[in-house]
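Please walk me through this structure in a few paragraphs. I would like to know about any unusual backbone geometry and about how the ligand is held.

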Amino acid sequence: MCGIVAYVGNKEAYPILIRGLKRLEYRGYDSAGIALLNDKELNIYKKQGKVSELEAFTINKNLKGNIGIGHTRWATHGLPNDVNSHPHFTTNKDIAIIHNGIIENYSTLKEELISRGYQFRSETDTEVIVHLIDDIMKTEKVDLVEAVRHALLSVTGAYALVVISNKHPDTLIAARKSSPLVVGIGKENEFYLASDATPIVEYTKQVVYLNDEEIAILDRNSGLKIVHLSKEEKTPYIQELELHLEALEKGGFEHFMLKEIFEQPKTIHDCFRGRLNTEQGWVNLGGLKDYHQKLLNANRLIFVACGTSWHAAQVGEYLIEELARINVEVEYASEFRYRNPIINEQDVVIAISQSGETADTLAALELAKSKGATIIGICNVVGSSISRITDAGSYTHAGPEIGVASTKAFTAQVTILTLLALLLANKKGTVSAAKFHEIISELENIPKKVKEILDKNNLIKEIATQYKDAKNALYLGRGSSFPVALEGALKLKEISYIHAEGYPAAEMKHGPIALIDEEMPVFVIATKGTSYEKVVSNIQEVKARKGKIIAIVTEGDEQVKSMADHIIEIPDTNEHLVPLLATIPFQLLSYHISVMRGCNVDQPRNLAKSVTVE
Ligand code: F6R
């Protein structure tokens, strides 16, 4: 949510900032802006809309400078217009700032500053910080770094920010609290800064992740210095990035989302690779090895997550309760943290998050930790905030997910949860050796079966043409396919703006059935298994009301075929693994419908990839 990039060194900063902003555009695309410092002249260019619009706006401008900052915005305070775009600057334009996060006490600070003669140009919370820094420098007669530190001691809320000043032409000052920031260390005192490593990886693999309440001073003469808000000096912990540039490119696909859907045979495989052995009959999650007993003896496992990750958690609940017979609860992170939940040392709270930065999920974990629970993370982004604050965890290894709508991260999360359920069930003895063996060997077949479904892309595209103009859609499933229905509905609504809802199939007759008429597409997961006959009855109820049925069925199914308007066959698999397959056609259907409706598939309106505000 908002992307930050900055550079200081001896190269031209502008191309680095623009490329970086393009990589970070998934974090917000309401506006973009840059500040460049050249010969003590600080030039600011900002524009509502995408980075490409900023680029067009800056043609023929003076874009010289070896030091600069850039921002791509997801609006929180103030409309997405030119004025509210970052950077924001002091009245005399000596200092400029970019910020990701929310300053909660901004209105009090703003009133104080107005009473002291400051005039505000924008409606943002961010502008408060830059005037505050200016005010502190003037009244307390301190240098810029000290003024930034004092200002940050006065603000409450979340921030990742970078400050540039024409009085300090060699220095950038950055700080973070609850919003991510990573420093890239180039050659000879050359530094990069960004909200994540994607703008940095093509220049250097040496990075330092800033911790909360740290200030980084990046100076092309004296190097990198990190101090805590308390003034304590910190030794930078340099890490080697494992990210590869190709992972950030579209690789010949029209959209990142399509590329990421097609990557799933590989990402699911990468997720379980080295974590199971069919011959020797074991499952292992290395990051959790010291926590097996804790998990097995837990009073409850409480999953906290948001959006798609919450749907994955729901699948996890079915799997763990069914296979390992451990009590599981799934909570929306945002609700969990505000309802005074009863948690104690016997509980294990597990956060699921692709980005590892979601503000509500982070806050839920912090709350659980403060109450003595063990906290565990299942994250995709290596080095993310959640992965660093948790006691233990497992990475999903899906690689960077750039499309705003989550696809491969979901199947990777479900894969980890399947492994976790199997691991606990095996240790607890709640599954027979034969069943354990059957599921792990079938898990190894899943990438191949996902590929078989992807090969039906043309058929799925054809079905999509028939429903692209729908106004509403229902998604139905039972058991662990119910969260897949929820996820299918979310994918459709977020990228094609068609209203869609997911329901447990049997709940339909308790209300939603009233919506069904000949205009209503109903997407149903009707694969072979425990609830098959019941779902068939639900399909009949829809048909009796002239709804259109698009059913995902097990290969060779004849019964549903005779009733449905369209069927998409998926390979037969163990019932516990159906979510990994059934979700793929829904992803493709949503993708094609979005493209046919002319929507921005990778950057749907109003959304951002990493939701770092509450
Ligand atoms: C939907 C989607 C979101 C995220 C949610 C949580 O396609 O991507 O619903 O799942 O914002 O994000 P993470 O997993 O990064 O915590």
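Lysine 93 sits in the loop that joins strand S5 (88-89) to strand S6 (95-103). In this predicted model, the phi angle of lysine 93 is positive, near 60 degrees, although the residue is not a glycine. A second backbone feature is found at proline 87, in the loop between strand S4 (67-73) and strand S5. There the peptide bond that runs from histidine 86 to proline 87 is cis, and its omega is near 0 degrees.

The ligand is the next topic. Where does the ligand sit? It occupies the second largest pocket. Residues of the shell around the ligand come from both domain 2 (250-454) and domain 3 (456-599), and the ligand therefore lies between these two domains. Two helices, H9 (307-324) and H16 (481-496), each contribute at least two residues to that shell.

The shell consists of 15 residues, and those that come nearest to the ligand are Ser309, Ser353, Ser355, Thr358 and Glu494. By residue class, the shell divides into eight polar, five nonpolar and two charged residues.

Some of the contacts can be followed atom by atom. With glutamine 354 the partner is in the backbone: a polar backbone atom of this residue is 2.7 Å from an oxygen atom of the ligand. With serine 355 the partner is in the side chain, where an N or O atom is 2.6 Å from an oxygen atom of the ligand. Glutamate 494 also uses its side chain, placing a polar atom 2.6 Å from a ligand oxygen. As for how much of the ligand is covered, the ligand taken alone exposes 400 Å², and the protein buries 90% of that area.

Definitions and conventions. Residues numbered from 1 in each chain as written. Predicted model: local features only at pLDDT ≥ 70, side-chain atom pairs only at ≥ 80, totals over all residues. Heavy atoms only, no water. Near = heavy atom within 4 Å. Polar contact = N/O pair within 3.5 Å; in protein donor to acceptor, adjacent residues only side chain to side chain. Areas by Shrake-Rupley, 256 points an atom, 1.4 Å probe, with all protein chains shown as cover. 1 Å grid on protein atoms, 1.4 Å probe; cavity = no way out; pocket = protein on both sides within 12 Å on 5 of 7 lines; lining within 4 Å. Sits in = over half its atoms within 2 Å of the grid points. Helix = DSSP H or I, 4+ residues; strand = E, 2+ residues; numbered from the N terminus. Nonpolar A, V, L, I, M, F, W, Y, C, P; charged D, E, K, R; others polar. Domains from an automatic or database assignment.
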